[in-house]
Amino acid sequence: MEEKSAKTDWEPRIVGFVCNWCTYAGADLAGTSRLKYPPNVRLIRLPCTGAIDPLFIVKAFQSGADAVLVSGCHPNDCHYTSGNYHARRKLTVFKDLLEFTGLDPKRFWMSWISASEGQKFASFMEEIVTETKKLGPLKGYNN
Amino acid sequence: MANIGVFVCWCGSNIAQTVDVVAVAKAASEFKDVVYSVDYKYMCSSPGQNMMIDAIKQHNLDGVVIASCSPRMHESTFRSAAVLAGFNPYMVEMANLREHCSWVHDNREEATKKAIELVRMIVAKVARNAPLNKIYVPVTKRALVIGGGIAGIQAALDIANGGVEVIMVEKEPSIGGHMSQLDETFPTLDCSQCILTPRMVEVATHKNITLYAYSEVDSVEGFVGNFKVKIKRKAKCVIEELCTGCGLCTQKCPVGKKGEVMNEFEVGMAPRPAIYIPFPQAVPNIPVIDRENCTYFKTGKCGVCAKVCVAKAIDFNQKDEIVEEEVGAIIVATGYDLYPKDSYGEYGYGKFKDVISGLEFERMVSASGPTKGKVLRPSNGKPPKNVVFIKCVGSRDEKHGISYCSKICCMYTAKHAMLLHHKCPGAKAYIFYMDIRATGKGYEEFVKRAMEEEGAVYIRGRVSRIYKRKDHLVVVGADTLTGKPVEVEADLVVLATAIIAKDGADKLAQILKISYDTHNFYNEAHPKLRPVETNTAGIFLAGCCQAPKDIPDSVSQGSAAASKALALFSKKELEREPLISRVNEEFCVGCLACQPVCPYNAIEEKEIRDRKGNLIKKVAHINEGLCMGCGACAVTCRSGCIILEGFTNNQIFEQINTFENLISKFEPTPEETVAKK
Ligand SMILES: Cc1cc2nc3c(=O)[nH]c(=O)nc-3n(C[C@H](O)[C@H](O)[C@H](O)COP(=O)(O)OP(=O)(O)OC[C@H]3O[C@@H](n4cnc5c(N)ncnc54)[C@H](O)[C@@H]3O)c2cc1C
Ligand code: SF4
Ligand code: SF4
Ligand code: FES
């Protein structure tokens, strides 16, 4: 019962780690194109997805994120040529580890969104918010 | 304890319409470390910037957060303004309230809450920022040009004329590249040699240019402004200082008389001796001994060249030699190759003597070529009547060949049709084509001329096969415009074979540490905005090594690459952004796990020694001239001893920490207050 009433005014908190050159710019384009998406996401800008330490993601969940996303340039398009490959390899393994620690892997998202894909960025935010709402708040990760 | 100032921008109504900016500024004033907070209509305007500058001084700020548009838009604006105030620009950060908030949300309350959180995140980050200083690296004012085709020649001359020394390395015995093999050139039909040769001579005689012909780049170390290059000078077995270029040796050499060694310059259509100058106008005009085919090197006997050389310039004992040069910039202009002969079985290239490539046709029509400018059938030495030209051989053919368009074949085939009609009266040109791409200045007119004035017969369709009927070649294809099969009885077939990357292009790329595409063409840093730069600072591209192109485009790129190099040389020192990674040497264990992840090879091993010179330990060292600040190494380091300036773990963790408390409410600003502002 308590669970349900909490759910009604609950909004998921989503943290995104994105690279400066593609996805951050893609999010900018969503803005300049005046596309609309839910306001649940907070982006943290890094130079490249290769600079995303898995600990950032753990920390985000600990600090109350209900879902975390990582997004950068498409394979082959990384501004630093190979950062997204490092990220892909590392974070794929990391995702399995998250699952092992008891976290639903559906709360961790990875995607490639280029600077010209404003629409894809907006739709992606929409999708994450919808899916995370289905999962409900993340509980017990911090304690 | 930080003193942070927050400046919330209305952006006219762009932000203020959806975000309660006054409430954001008010909420921000209560954040930890914030000592000053204000909202303003246009922060990027000159009064807005002055407001920031004044506040920095008045409130003794040591951190600034501009909450306005995307940092990709105005970060540099505000950082430059900060410099005017004598403030460290890297203590200024931006919260993106426009692109990431007001423009993408409708609900004012939700958007305002988000805006407050975005500002809080950036405030938390700035509290952990450290002042950074621009990095300056010295620049060696000398350039290396690799490849002496027209693109490399243009680049070398432009740089040398700009007063900077140039080292040119050319693999072959002579510079000139493919252009020196061409006869007349589209779209003006001017003679290739006549316009090229003077430039080649200028390279050889220019006081600022050192030419290493018959040489290759062996290794490259260092970074922008500071490259150390090892060049392998292959033994010519001819002492350059003594040789007068009389050419007597090349006439007396017994090799090649029976056609056992063919001249690469003549595309294998004429023999050459073992000691040779590839073509009469070669620069430098000094022969080389092809040691593989020289009788002296094979059997120890002969030495005819040494006997006839009056200048005593022949030296069989010469060895390959490595020279070292220091340069500040490198221009790669290594050109292209043509699609190999035997790849097109159905066209009988390599099987039928009368099927030749476009480049062979060029040599044939050239007055200095193997047939002295006459178009003759290789099978019987007689002039042809019907000549079929086939375009897109290998190009635009994903199944058998390559996916891309070679760009120049449409034009040179039209040229070949004209040259055929000029040089072989009575002959007729038939051209099989898929499309005609004639997009340059005067190009469309040129093709029209070939069709209308010169009467070349254009047939739209692919050729399916070529077979021999008696003395002729029957070319079978389909005319896709009429839908009917066509057959042409030809005496000569000329294939416009695809342009492909230079053999060994990948190896050179690995030496230079530049990237290349799936076809081995070199990658430009940005396909539109940085067409002649590579991703490696200080290395530039020109000509066909980047992609197929014609002479005008190759020359333009040569000049463009030269201007990039000259811009680099115009400063005493190179200024670089300090947002790069650094190693904490105290904690580094020297595992060098970071080294292979760096795309720019910026990480080297460094030895730490005590005063007596005893080795204490080895650590990783990041070269500030090379690091681009991608941060891959910082994540890889297991001991956590690499920090990426501007995006340190401390900064990012502080940003994440702010999520622990939600902004649940804020005080909406009454309409009247807003209206008054
Ligand atoms: C049949 C035919 C006809 C053509 N007709 C025309 C025409 O009429 N008009 C026109 O505008 N264009 C024409 N072109 C295109 C023209 O040839 C090219 O645009 C031009 O030659 C490109 O110059 P480049 O300097 O980039 O390359 P290249 O001419 O290939 O020169 C590259 C140079 O680099 C050297 N090199 C290669 N690798 C190394 C290395 N590792 N180290 C050192 N040196 C190296 C090579 O030996 C060569 O000297 C034609 C091409 C063909 C095939
Ligand atoms: S990974 Fe870390 S510890 Fe290992 S060498 Fe590099 S900086 Fe030093
Ligand atoms: S930040 Fe990137 S470019 Fe710089 S040293 Fe590390 S891996 Fe190399
Ligand atoms: S810069 Fe976008 S993923 Fe590397």
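The following questions and answers set values from a predicted model against the definitions behind them.

Q: What makes a local feature or a side-chain atom pair count in this predicted model?
A: Local features need pLDDT of at least 70 and side-chain atom pairs count only at pLDDT 80 or more, while totals for chains, interfaces and linings use all residues; side-chain values use heavy atoms, with hydrogens and water left out. Residues are numbered from 1 along each chain as its sequence is written, and chains are lettered from A and ligands numbered from 1 in the order in which they are written.

Q: Why is the link of Cys191(B) and Cys194(B) called a disulfide?
A: A disulfide is a pair of cysteine sulfur atoms within 2.5 Å. The sulfur atoms of Cys191(B) and Cys194(B) are 2.2 Å apart, so the pair forms a disulfide. By this rule the count over all chains is one. The link is right-handed, with 90 degrees about the S-S bond.

Q: Why is Cys405(B) not counted as bonded to Cys410(B)?
A: The closest cysteine sulfur to that of Cys405(B) belongs to Cys410(B) and is 6.2 Å away, which is too far for a bond.

Q: Why is Cys194(B) called exposed, and what is Cys191(B) called?
A: Relative accessible area, computed with a 1.4 Å probe on protein chains only, sets the class: buried is under 20%, exposed is over 50%, and partly exposed lies in between. Cys194(B) has 52% and therefore counts as exposed. Cys191(B) has 28% and is therefore partly exposed. Cys405(B), at 30%, is also partly exposed.

Q: What makes Leu189(B) notable in its backbone, and is the residue buried or exposed?
A: Phi of Leu189(B) is near 55 degrees, a positive value in a residue other than glycine. Most residues other than glycine have a negative phi, and most peptide bonds are trans. Leu189(B) sits in the loop between S8 and S9 of chain B. Its relative accessible area is 16%, so Leu189(B) is buried.

Q: What is the phi of Cys302(B), and why is this residue called partly exposed?
A: Cys302(B) has a positive phi of about 115 degrees, although it is not a glycine. The residue lies in the loop between helix H9 (295-299) and helix H10 (304-308) of chain B. Its relative accessible area is 30%, so Cys302(B) is partly exposed.

Q: Which omega values go with the cis peptide bonds at Pro187(B) and Pro284(B)?
A: The bond from Phe186(B) to Pro187(B) is cis, with omega near -5 degrees. The bond joining Val283(B) and Pro284(B) is cis with omega about 0 degrees. Pro187(B) is in the loop between strand S8 (184-185) and strand S9 (190-191) of chain B, and Pro284(B) is in the loop between strand S13 (275-276) and strand S14 (288-289) of chain B.

Q: How do you know that strand S6 and strand S7 of chain B pair?
A: Two strands pair if DSSP finds at least two bridges between them; strands are DSSP runs of E with at least two residues, and helices are runs of H or I with at least four, numbered from the N terminus. Five bridges join S6 (residues 142-146) and S7 (residues 165-169) of chain B, so these parallel strands pair. In one of these bridges, Leu144(B) has Ile167(B) in S7(B) as its partner.

Q: Why are strands S10 and S27 of chain B at the edges of their sheet?
A: The open sheet has five strands in the order S10-S7-S6-S16-S27 (chain B), with parallel pairing. Strand S10 (209-212) and strand S27 (539-541) each have a single partner strand, so one side of each is left without a neighbour in the sheet.

Q: How do you know that S30 and S31 of chain B pair?
A: Seven bridges join S30 (residues 603-609) and S31 (residues 615-622) of chain B in the antiparallel sense, so the rule of at least two bridges is met. Lys606(B) has Val619(B) in S31(B) as its bridge partner. Five residues lie between the strands of this hairpin, in which Gly613(B) takes a positive phi near 90 degrees.

Q: What makes a residue part of the shell around ligand 2, and which are the closest?
A: A residue is near a molecule if one of its heavy atoms lies within 4 Å of it. The shell of ligand 2 has 13 residues, the closest being Cys588(B), Cys591(B), Leu592(B), Cys594(B) and Cys637(B). Cys591(B) has a relative accessible area of 44% and is therefore partly exposed.
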